Amino acid sequence: MTIRLAVPNKGRLQQPTANMLKQGGLSYEKTDRALSVPVKNMDLEILFVRTDDVSEFVADGVADLGITGIDLLTESAADLEIITKLGYGSCRLTAAVPKISDIMTLDDLAGARIATSHPVTTQRFFEERSIPITTVSLSGSVEVAPKLDIADAIVDLVSSGSTMLINGLRPIANVLESEAVLVGRPGASLQNGTVAQIILTIQSVVAARTKRYVMMNAPAAAVASIEAIIPGFAAPTVIPLAHDHMVAIHSVVDSARLGSVLPELKDAGATGILVLPIDQLIA
Ligand code: AMP
């Protein structure tokens, strides 16, 4: 049976999701109007749906797997399992008030009207803290609600926070941290066949994003000190070169460490250092 993966058809998560699937080697041709396309090299069909609807499609069994934001998953009633966090679409749901407001803390929001496109998550957050509020449900332009006097505060998605500042709003507290996630139905068999293949493919792309493949030449006598700098998974690969006493060394390094690792390798005697991206990594 063909497996179905529901992905966002537009919006912020669309392009990074397409990039991730391409990087994982999935080959398909999307046209603007197609609602679903077959993947040529896997028994898989990709469904293009609104980001908000992904959870519903997976929960209903129309799709086996889906890609959406934690915020949308939390907001939907769907009982789904997060299989893997995907490392993009990072944002937070933040409570904010107009700069001139007297409201300073979460407790000060007792009795407030809060405009949000995430009413379920907002209501639950304040209920858990026993702070009574009322939500004003809006599907967009949440940040203008206080100016229009239809709300005293907002709970909205931000990445950098600059849009809130531009709109004269002051953050009070974070309600939820979000990023894109791969989701499935709890209890569904995720270990077998195409489903397992897709999960491993996506996890391998996510794992590769934070790593680089580093290659260099070095005197054989420097191998021990270079291995101490870049131990790799089990050990670095060491290959003899045509010239005596020289070797090539290959290893995998955290990209975050590269800035400090490269000068250390140079000092240890490495030359011709190359840093390459990795498409997929299964440790
Ligand atoms: P869309 O409305 O289709 O562009 O997708 C919105 C989804 O992208 C949200 O539900 C979040 O999961 C994610 N996202 C990431 N950063 C932001 C942001 N700064 N504002 C809104 N949504 C964001």
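Here's a short tour of one sheet, one histidine and a few salt bridges in this predicted model.

Start with the sheet. Select β8, β7, β9, β6 and β10, in that order: these five strands form an open sheet with mixed pairing. Now look at the edges, β8 (134-137) and β10 (169-178): each has a single partner strand, so one side of each is left without a neighbour in the sheet. On average, neighbouring strands here are turned by 30 degrees against each other, direction ignored.

Zoom in on β7 and β8. They run parallel and are joined by four bridges. Pick threonine 116, and you'll find serine 137 as its bridge partner in β8.

Next, select histidine 118, in the loop between β7 (113-116) and α4 (119-128). Is histidine 118 buried or exposed? It counts as buried, at 4% relative accessibility. Its side chain makes a polar contact with the side chain of serine 117, at 3.3 Å. Leaving out residues up to four places away in sequence, show what histidine 118 touches: Asp71, Leu72, Glu75, Leu93 and Leu157.

On to the charges. There are eight salt bridges to hunt for. Try lysine 40 with glutamate 29, whose side chains meet at 2.7 Å, N to O. Lysine 40 sits in the loop between β2 (36-38) and β3 (44-49) and glutamate 29 in the loop between α1 (14-23) and β2, so the pair ties together parts eleven residues apart in sequence. Lysine 40 is exposed at 57% relative accessibility, and glutamate 29 is exposed at 57% too.

Last stop: arginine 129, which forms a salt bridge with glutamate 128, the closest N and O atoms being 3.8 Å apart. Arginine 129 is partly exposed at 39%, while glutamate 128 is exposed at 57%.

Note on methods
Residues are numbered from 1 along each chain as its sequence is written. This is a predicted model: local features need pLDDT of at least 70, side-chain atom pairs count only at pLDDT 80 or more; totals for chains, interfaces and linings use all residues. Side-chain values use heavy atoms; hydrogens and water are left out. Helices (H or I, at least four residues) and strands (E, at least two) are DSSP runs, numbered from the N terminus. Buried means under 20% relative accessible area, exposed over 50%, partly exposed in between (1.4 Å probe, protein chains only). A polar contact is a pair of N or O atoms within 3.5 Å; within protein, one must be able to donate a hydrogen and the other to accept it, and residues adjacent in sequence count only if both atoms are side-chain atoms. Contact means heavy atoms within 4.5 Å. Two strands pair if DSSP finds at least two bridges between them. Axes are lines fitted to C-alpha atoms, for helices over the stretch in contact, and angles run from 0 to 180 degrees between N-to-C directions. A salt bridge is a side-chain nitrogen of Lys or Arg within 4 Å of a carboxyl oxygen of Asp or Glu.
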